[in-house]
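Please load the model and keep a selection panel at hand. The tour below proceeds by selections, each followed by a description of what is to be found there.

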Amino acid sequence: MKLYGLVISLFSVCCCAECVAPAKKTSFEEAVIAAYNNYPGWFSQQTKKRIADEQLLQARTAFLPDIRCGLTALRAKKETYEFGSVAHFRGTETDMALTLSQNLFDGFATVNRIKSHDNAAEAAYHELKMHEQELIINVLEAYAGIWLGRQKVVALKRREENLKKVLNSHESALEAGMNTSSDVSEANANYQNAISDRIKAETDLFSFESEFEKLTGLKMDENPELPNLNVTLPETLEELVKTAMSSNHAVKYHQFMKKAAEANLNMQKGALSPSCDLKLQASKNLYKPPQGRTCKYNASLEVSVPLFANPSSGNIYSSIAIADQKALEAKFNAENSKLEIRKQCVVHWNTYISAGAMIKYLRSAVKSAELSSESKLEESAFGTKSNTDVLIAENKLLESRINLAESRKNKLVAALKLYGLTGHLSLSSIFEKKNNK
């Protein structure tokens, strides 16, 4: 019977082990790849780059000639009077023409248009890289937010239960005349504050989970683990700023947009220059009934000088003034982007350094809180400490663990943002090294 019972017990344990076998956790790499493949916002940014490339191709085709083919069919009736008699003629006339127009000079407007779109296409590339980095950072913030949020909710629920027990203990002590109403009020305030903290943590967790699902199309079934990104950061803030000024995609984006605006201004000014066009035309006229055919060939060189240009697209002088202001705007944006990136370098660098220091301090604080909680438990077992003292010590331990987890999350996110400021952040750069190891 004992052997039979042992077999049944082992079978039950095995079955339970299969039932509670943990599902496969979603890694950060899988989450980022899912965002690349599923997030519509990322697809939208890619279309901007394609549009810029097509606009550049369209600008380059302006050097090609304009070729047109025309066909005109005419049905005519002609009456002729001669010596009192009337002659009638009915027939058709067909005109066919092939015309080729080639611009020879337009004040370098076409050249500057190509320069403008070429720089705009380069800017679109860097803008796309900016959004790629933003996508990766957003996925990490949501991923790490879920990691932190679930730990906080569990810890705060435990803290809430402990403070509820402390409140009950104070209420019991008040009934026994061993406590005051102010102690009960303070315990109740701490308990209500714990409820508020837990609700806020659950709300933040829900927000991170929603953001993660929006970006990746995935649901985080289990607690994730913080990824090991293996990114190489500059050793000093000065080195970080220097790298960012030369390689950051936001800085480069505004630099190319400045060049594009300047080329666009030169293009608008070119509309005031003389224009020279070559036109070649070949035409043939056919008649039915046959009355012969006529072939014509002509070539012309047209030179036009604008005196007051006012096309349907807008007065050229106003267009030049608008383009001039846009060039100034792009120049100021380029200068401002450098200042903004420099500020972000300082902010995220300090966050990274301070989070690292906090991690060292909080690890010591957690060890100290663990020892304090263990000693309180031992003293409580011997009756020298009350349950309230034990619960308070456990709450301090929970708070230290939450603060440590939050500092780890802040350091990881700051590290990725710093890596993004260097312009090197991409899907391949953060995962290829890890996969090659």
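Begin by selecting Gln 133. Leaving out residues up to four places away in sequence, Gln 133 touches His 249, Gly 420, Gly 423, His 424 and Leu 425. The model is a predicted one. Gln 133 belongs to helix α4. Is Gln 133 buried or exposed? Gln 133 counts as buried because its relative accessibility is 7%, below the 20% limit for that class. Now display the polar atoms: the side chain of Gln 133 reaches the backbone oxygen of Leu 425 at 3.4 Å.

**The whole chain**

Next, colour the model by secondary structure. The protein has 10 helices and four strands. Along the sequence, these elements follow the pattern α-α-α-β-β-α-α-α-α-β-β-α-α-α. Of the 437 residues in the protein, 35% are buried. When contacts between residues at least 6 apart in sequence are considered, 82% of them join residues at least 24 apart. Switch to a surface representation: the protein exposes about 26,700 Å², and carbon and sulfur atoms supply 56% of that area.

**The nonpolar cores**

Hide the surface and select Phe 28, Ile 136, Val 139, Ile 341, Leu 416 and Ile 430, which have the most contacts inside the largest nonpolar core, a set of 51 residues. The elements that give two or more residues to this core are α2 (28–38), α4 (109–175), α5 (181–216), α6 (237–247), α7 (249–270), α8 (316–381), α9 (387–421) and α10 (427–436). Which element gives the most to this core? The answer is α4, with 15 residues.

Centre the view on Leu 416. Not counting residues up to four places away in sequence, Leu 416 touches Ile 136, Ile 137, Leu 140, Leu 229, Leu 425 and Ile 430. Another core, of eight residues, lies apart from the largest one; among its members are Leu 265, Ala 309, Ile 320 and Ala 330.

**The loop between α9 and α10**

Select Ser 426, which is placed in the loop between α9 and α10. Ser 426 counts as buried because its relative accessibility is 11%. With neighbours within four places in sequence left aside, Ser 426 is in contact with Lys 129, Glu 132 and Ile 136. Ile 136 was also selected above, as one of the residues with the most contacts inside the largest nonpolar core.

**The largest pocket**

Select Ser 116, Met 257, Ala 261, Asn 264 and Lys 326. Of the 23 residues that line the largest pocket, these five lie nearest its centre. The pocket contains about 480 Å³ of space. Two or more lining residues come from each of α3 (40–60), α4, α7 and α8. The element that gives the most to this lining is α7, with eight residues.

**The start of strand β3**

Move to Ser 275, in strand β3 (residues 275–288). Ser 275 is classed as buried because its relative accessible area is 18%, which falls under the 20% cut-off. Which residues are in contact with Ser 275, once neighbours within four places in sequence are left aside? They are Asn 103, Phe 105, Glu 302, Val 303 and Ser 304. Draw a C-alpha to C-alpha distance from Ser 275 to Val 303: the two are 5.6 Å apart in space and 28 residues apart in sequence.

The side chain of Ser 275 can be examined for polar neighbours. A polar atom of that side chain lies 3.5 Å from the backbone oxygen of Phe 105. The side chain of Ser 275 also makes a polar contact with the side chain of Asp 277, at 3.3 Å.

**Two positive phi values**

For the last stop, open a backbone torsion plot. Most residues other than glycine have a negative phi. Select Phe 108, a residue that is not a glycine yet has a positive phi of about 60°. Phe 108 lies in the loop between β2 (85–105) and α4. Phe 108 counts as exposed because its relative accessibility is 53%.

Then select Asn 230, in the loop between α5 and α6. Its phi is near 55°, again a positive value in a residue other than glycine. Is Asn 230 buried, partly exposed or exposed? At 27% relative accessibility, Asn 230 counts as partly exposed.

Key. Residues are numbered from 1 along each chain as its sequence is written. This is a predicted model: local features need pLDDT of at least 70, side-chain atom pairs count only at pLDDT 80 or more; totals for chains, interfaces and linings use all residues. Side-chain values use heavy atoms; hydrogens and water are left out. A nonpolar core is a set of buried Ala, Val, Leu, Ile, Met, Phe, Trp, Tyr and Cys residues joined through side-chain atoms within 4.5 Å. Buried means under 20% relative accessible area, exposed over 50%, partly exposed in between (1.4 Å probe, protein chains only). Contact means heavy atoms within 4.5 Å. Accessible areas come from the Shrake-Rupley method with a 1.4 Å probe; for residues, only the protein chains shown count as cover. A polar contact is a pair of N or O atoms within 3.5 Å; within protein, one must be able to donate a hydrogen and the other to accept it, and residues adjacent in sequence count only if both atoms are side-chain atoms. On a 1 Å grid over the protein atoms alone, a cavity is a set of points where a 1.4 Å probe fits but cannot get out, and a pocket is an open set with protein on both sides within 12 Å along at least five of seven lines; lining residues have an atom within 4 Å of a point. Grid points are joined across faces, edges and corners, and a volume is the space filled by probe spheres set on the points.
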